[in-house]
Amino acid sequence: MNSPVSYRREAPGVHPPFDHAAYASTHKRAPRHSPVRIEHTLSEITGPLFARETRVPDEDDLTHFNGGEALGERIIVTGRVLDEDGRAIPHTVIEIWQANAAGRYTHSEDRHEAPLDPHFAGVGRVVTDEHGAYRFKTIKPGAYPWRNHHNAWRPNHIHFSLFGPSFATRLITQMYFPGDPLLELDPIFNSVADRAGRERLIATFDIEVTIPEYALGYRFDFVLRGRDATPTSG
Ligand SMILES: [Fe+2]
């Protein structure tokens, strides 16, 4: 019988520590004891299964809500979900949430003095196709202050959650935009110690993804494991 091939592990520093000195709220939520390793059972590794048919129309389009058109710069965000060997991962549920163009979330806890947009809810969901591909149409999120330290501003970013083929295959991270001057000042982005890992969190502008006269386009792929793994980012 052949020996099983183990997964190639991520480089040290790809995933951020639970407690990161410069990211204030991690002190409150980081576990104080080492995690307990729980063996996977059937219920964690065989479900849930998401079919493309579970899609709801228009959940991939955040540019219209409540009978009107959202304000801001329209963008396309597209890419693929891949394993460590570059194989497509179909049937992955990808959910996003983000601030509006003014940097305000549609959330009761968001106290930022920036306008809400009645036509922007800021949440979307898709299921990857047989090529592991996904695509959203949305509005470029604005930067916002977040009181982590004096004059702290989050760079433009979109939050992503991926559900793979089982409950044990989950990735929560954030996508950033190229050339953002706030990146080098952001404790959350910089909690990924590995420079190559941080760069994998930045989308690539791609003229081929744009829609002429309508929307700019960005490409952002996910790699779920291995040396090119997409870092988690909470
Ligand atoms: Fe955010």
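These legends describe close-up views of the iron site and the two largest pockets in a predicted model. Local features required pLDDT of at least 70, side-chain atom pairs counted only at pLDDT 80 or more, and totals for linings use all residues. Residues are numbered from 1 along each chain, and side-chain values use heavy atoms, without hydrogens or water.

**View 1. Coordination of the iron ion by Tyr 105, Tyr 144, His 157 and His 159**. The donors (N, O and S atoms within 2.8 Å of the metal, or 3.2 Å for Na, K and Ca) are Tyr 105 OH, Tyr 144 OH, His 157 NE2 and His 159 NE2, at 1.9 to 2.2 Å. Their spacing in sequence is Y-x38-Y-x12-H-x1-H. His 157, at 2% relative accessibility, is buried, as is His 159 at 11% (buried means under 20% relative accessible area, with a 1.4 Å probe and protein chains only).

**View 2. The largest pocket**. A pocket is an open set of points on a 1 Å grid over the protein atoms alone where a 1.4 Å probe fits, with protein on both sides within 12 Å along at least five of seven lines; lining residues have an atom within 4 Å of a point. The space amounts to about 1,700 Å³. Among the 44 lining residues, Glu 10, His 15, Ala 168, Arg 170 and Thr 232 lie nearest the centre.

**View 3. The second largest pocket**. This pocket has a volume of about 800 Å³. Its lining comprises 30 residues, with Tyr 105, Glu 109, Asp 110, Tyr 144 and Trp 146 closest to the centre. Tyr 105 and Tyr 144 also coordinate the iron ion.

Key
Buried means under 20% relative accessible area, exposed over 50%, partly exposed in between (1.4 Å probe, protein chains only). Grid points are joined across faces, edges and corners, and a volume is the space filled by probe spheres set on the points.
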